[in-house]
Every structure is written in structure tokens, then in C-alpha cells.
Amino acid sequence: MKRPMMIIIAVSVLVSEIIWQGYKRCRNLGWKGSCKRSVIEKKKKSLAEVLLFTEDSAFCRSHINSENSCNRLNCAAVNFNKLKKYLNSAKCTIDVCIYFFTSQKLGNAIIKAHKRGVAVRVIIDATMAQNDGSQAVSFRKASIKVRTKYSKDLMHHKFVIIDNDILITGSANWTMQAFFGNFENIIVTNCPILLKQFVNEFERLWKRYDKDLAQSDSFPS
């Protein structure tokens with residue numbers, strides 16, 4: 001009687017362990033893969049926001065560090081700070097694909113996200129990456145992967161994808177001149193149809209622009 005009982009106990013322990021390990025695996029995969037699931041599968045509140053930068057944007061730069069809005073219809077400081085908030089909201093990933101990126105404030109928000117464990121990837125035009133003030137230098141120093149490729153064709157995109165869930169795109173390069181000196185537009189959306197197209201485009205370019213700037217001898221240290 002003792003031997004069958006021991007066998008039953010051993011089998012019960014083994015089955016319990018298998019169930020427990022299976023549960024932990026499913027739980028971990030669910031957590032780590034939460035940002036990789038198809039955006040179409042997610043039930044979420046619709047997001048569709050337009051940020052406009054106008055001829056009055058220059059007057060808003062003085063209160064860029066304030067959370068208060070001025071009386072202008074499209075306060076550039078408020079719109080700029082919304083971009084920072086979206087970057088600060090990232091939990092898993094930030095994919096950046098921008099022709100010219102010199103805004104230190106937005107660059108710092110991306111670096112902070114990287115330091116708190118957000119996976120950051122940056123694609124930037126090769127010529128603009130070496131321009132004075134380019135945040136590509138800061139990103140590289142922060143150990144963020146920055147990819148580019150020398151070509152006669154400009155990498156002229158301006159979009160950012162947060163957590164594979166939020167798309168930020170529009171006419172503006174991420175420069176202070178664009179936000180506080182130009183007529184520009186930025187659209188923020190979580191529309192699955194649009195998101196999918198931009199996610200696919202980023203992945204396509206990430207494979208094509210296969211050289212990391214950290215490996216380039218011509219890139220400044």
C-alpha cells in the first residue's frame with residue numbers, strides 16, 4: 001500500500017509543479033508581450049488629437065516650462081508638453097523615425113524612458129544625424145540603438161510609435177524651430193488601421209537601415 005501511495009503523492013507533486021510553471025510562463029508571456037499584441041485585438045478608448053503650431057507659436061515659448069496655457073487657441077507650449085507626456089507614458093517601447101531631431105527636452109524624455117526600461121529604437125537620416133545639435137549623439141551616448149543608412153534618398157519620415165499603441169506623426173521635425181517658429185501639424189492617434197501601417201514601415205526600415213551609428217567610424221564620439 002505504501003508504494004502506490006508514494007507514487008500517487010509523487011505524481012500529484014509533479015502535476016502541481018507543471019501547472020504552476022505553466023501558469024508563471026503564461027503570466028510572464030502575457031506581461032512581456034502586452035506591447036506586441038496586435039493593436040486590433042485591444043479594446044481601448046479612441047484617440048484622435050490634432051496639435052497645430054501657428055504663426056503665434058513663438059510667443060508661447062516663454063512659458064514652455066509652465067503647465068498653464070496662454071489664451072491662444074493653439075498654445076504651442078501646451079501642445080509641445082503634450083508630446084512630452086505621451087513619451088513619458090511609454091511602458092514598453094518607443095520607436096522613433098524622424099528626419100531631423102534636435103529638441104533636447106523631447107530627447108531627454110526619450111532617454112529617461114530608456115533608463116526606466118522602455119525599449120527605444122531610433123531611425124534618423126544619415127546627414128541629419130551628424131548635424132549640430134542632433135539628438136542622435138545623446139541617444140548613442142545613452143546606449144540607445146540609432147540606425148541610419150547613407151543614401152541619395154532622404155529618410156524624411158516624422159513619426160513616433162509608443163507601445164505599439166499610439167502613433168504621433170505630422171509635418172514637424174522635432175526641433176524647437178518647428179514647434180515655435182513654423183506652421184506645423186501633428187496628429188496623435190491609436191487608430192488600428194493607421195498604426196499597423198506605421199508599425200510595418202518602421203520594421204521595414206529598421207531591417208533596411210541595418211547599421212547602428214555606434215559602429216560608424218565617421219560618427220562623432
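I started with strand S2 and its antiparallel partner in this predicted model. S2 and S5 (residues 158-162) pair over five bridges in the antiparallel sense. For a register check, I noted that isoleucine 98 stands opposite lysine 158 in S5.

Next, the other edge of my list: S3 (residues 119-123). S2 and S3 run parallel, and five bridges join them. I looked up threonine 93 and got alanine 119 as its bridge partner in S3. I also traced the connection: S2, helix H4 (residues 104-115) and S3 make a β-α-β unit, and that unit is right-handed.

Then I asked myself: is S2 buried or exposed? Six of the six residues in S2 (residues 93-98) are buried, so the strand is largely enclosed by the rest of the structure. I split the residues by face, since side chains in a regular strand alternate between the two faces of the sheet. Thr93, Asp95 and Cys97 are buried on one side, and Ile94, Val96 and Ile98 are buried on the other. Both faces are covered, then.

Last entry, cysteines. How many disulfides did I count? The count is zero, with sulfur pairs accepted within 2.5 Å. Cysteine 60 is in no disulfide: its nearest cysteine sulfur belongs to cysteine 70, 3.8 Å away. Cysteine 60 counts as buried because its relative accessibility is 0%. Cysteine 75 is in no disulfide either, and the nearest cysteine sulfur, again that of cysteine 70, is 3.5 Å away. I put cysteine 75 down as buried, because its relative accessible area is 3% and the cut-off is under 20%.

Definitions and conventions: Residues numbered from 1 in each chain as written. Predicted model: local features only at pLDDT ≥ 70, side-chain atom pairs only at ≥ 80, totals over all residues. Heavy atoms only, no water. Buried < 20%, exposed > 50% of the residue type's maximum accessible area, 1.4 Å probe, protein only. Helix = DSSP H or I, 4+ residues; strand = E, 2+ residues; numbered from the N terminus. Pairing = 2+ DSSP bridges. Right-handed = clockwise from strand over helix to strand, strands pointing away.
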